[in-house]
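Hi everyone, thanks for letting me go first today. I'd like to talk about how some helices pack, and then about a hole inside the protein. Have a look at this one with me.

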Amino acid sequence: MDHGVMTGELTRTPRRWWMLALGLFATLCANVFINGVAFLIPTLHTDRGLDLARAGLVSAMPAFGMVLTLIAWGYIVDRLGERLVLSLGSGLTAVAALAAALSQSLVAVSVFLLLGGMAAASSNSASGRLVVGWFEPRQRGLAMGIRQTAQPLGVGLGALVIPRLAENHGAGMALMFPAGVCAAAAVICAVGVQDPPRPPRAEAPPEQLANPYRGSSTLVRIHVVSVLLVVPQCVVWTFTLVWLMTANGWTAGSAGALVTVAQVLGALGRVGAGVWSDRVGSRLRPIRVIAAAAAAAMLALALTDAADWSWSVVAMLVASVVTVSDNGLAFTAIAERAGPFWSGRALGAQNTSQLLTAGLTPPIFGALIGAAGFPVAFAVCALFPVLAIPLVPTETRSAAPQSAEPQSGGP
């Protein structure tokens, strides 16, 4: 075996796992901010007198902000690379979170949450490209599954810390926590991230530069499926805490601890789904199975909650795992099909559609819960994955995972 090849492979292997760790950390910190605001809903509801619809609207401000900039950040990462985008975006998120924490007006808080979401959008496309660029297809499902644990782990960390800070010290002090972790992410990414190898645009083959949306509906169908599947996911992580506290009588600490457990289990579910996709040679066939399981889980949650059974908490845990398991698969499929010169924008479009849905879901379902109760809302959520099942693109084994980024140093 050529000694230079072996040396290149050995030096590349630890680097790619380190890059995965950095991308995971940056995205986790961004999600503490993006999704952690939802854990202020009980405080906004009790201390400031907001109903669930208005409190849900405030918690959705980061998601609305992300919608405005995801494609723009994707374009920047396509042109300038992952390191710059991850470090700059994390730093701006920290500044916005700090400003929100120091603001007294609810309008000002909402504006800074919106601006923070605009900055936090940077991590989604950049960290996904970082992972896809450093890993080959046979390990990419596992690697992206690990990277996608950033969302549930970020939500879990936020659930563990933010409700207690808000309950004891107010919403402003609670927002200091995401400001701190995002500032740490900015420094670490600036020092440690290395952009993956890819050829200059002038040397790239025409098929890598071509618009992947032309001549095929696959990417659009994946976007639509992801939108439908994000609705139950968003409802579960937005309203679980307030459901446990108001409908089941749990304390903020115990409810936050259960949400953290649910998010850790959800993270493991994403890793398992990634490994599954590597084994079967497909990202899309597992999504179809997960969609069916999500519909069943939400229906079981609705029925057990309507019957006032204690098993409803178990059903909520199951739903928390199942409804998030598809995200890494869809993300990987988008990046692989878009290629190294379009994946930033394609991932931006993927996240824009999902985050727009995530921004609209809390106020809409908050109003539905207020009018009809939690069981009806959970039952309505079960309809969305049912609609997604026939829209999942069909895929043969030979058409599944293709190399989205050129690799260097391999045999």
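Okay, start with α8 and α16: their axes are 9 Å apart, and the two helices pack at an angle of about 125 degrees. Keep in mind as we go that this is a predicted model. Angles over 145 degrees count as roughly antiparallel, and this pair's angle is about 125 degrees, so α8 is oblique to α16. The crossing of α8 and α16 is right-handed.

Who's touching whom? On the α8 side we have Arg140, Met144, Arg147 and Gln148, and on the α16 side Asn327, Gly328, Phe331, Thr332 and Glu336. Sort those contact residues by class and you get 2 nonpolar, 4 polar and 3 charged.

Now stay with α8 and turn to α7. Here the axes are 10 Å apart and the packing angle is about 150 degrees, so α7 is roughly antiparallel to α8. The crossing of α7 and α8 is right-handed. From α7, the residues in contact are Ser123, Asn124, Ser127, Gly128, Val131 and Val132, and they meet Arg140, Ala143, Met144 and Arg147 in α8. This contact splits into 4 nonpolar, 4 polar and 2 charged residues.

You may have spotted some familiar names. Arg140, Met144 and Arg147 of α8 touch α7, and those three also take part in the contact with α16.

Next, α7 has another neighbour, α5. α5 covers residues 82-102 and α7 covers residues 122-134; their axes come within 9 Å and cross at roughly 150 degrees. That makes α5 roughly antiparallel to α7. Which hand does the crossing of α5 and α7 have, left or right? It's left-handed. In α5, Glu82, Val85, Leu86, Gly89 and Ser90 do the touching, and in α7 their partners are Ser122, Ser123, Ala126, Ser127, Arg129 and Leu130. By class, that's 4 nonpolar, 5 polar and 2 charged residues.

Last topic: the empty space. How many cavities of 30 Å³ or more are there? The count is 3, and the largest has a volume of about 350 Å³. It is lined by 27 residues, and the closest to its centre are Asn31, Asn35, Gln151, Trp237 and Leu355. Several helices each give at least two residues to that lining, among them α1, α12 and α17, and also our friends α8 and α16. The lining has 13 nonpolar, 12 polar and 2 charged residues.

That's my tour, so over to you for questions!

Terms used. Residues are numbered from 1 along each chain as its sequence is written. This is a predicted model: local features need pLDDT of at least 70, side-chain atom pairs count only at pLDDT 80 or more; totals for chains, interfaces and linings use all residues. Side-chain values use heavy atoms; hydrogens and water are left out. On a 1 Å grid over the protein atoms alone, a cavity is a set of points where a 1.4 Å probe fits but cannot get out, and a pocket is an open set with protein on both sides within 12 Å along at least five of seven lines; lining residues have an atom within 4 Å of a point. Grid points are joined across faces, edges and corners, and a volume is the space filled by probe spheres set on the points. Helices (H or I, at least four residues) and strands (E, at least two) are DSSP runs, numbered from the N terminus. Ala, Val, Leu, Ile, Met, Phe, Trp, Tyr, Cys and Pro count as nonpolar, Asp, Glu, Lys and Arg as charged, and the others, Gly among them, as polar. Axes are lines fitted to C-alpha atoms, for helices over the stretch in contact, and angles run from 0 to 180 degrees between N-to-C directions. Angles under 35 degrees count as roughly parallel, over 145 as roughly antiparallel, 65 to 115 as roughly perpendicular and the rest as oblique. A crossing is left-handed if the near helix is turned anticlockwise from the far one by less than a right angle, and right-handed if clockwise. Contact means heavy atoms within 4.5 Å.
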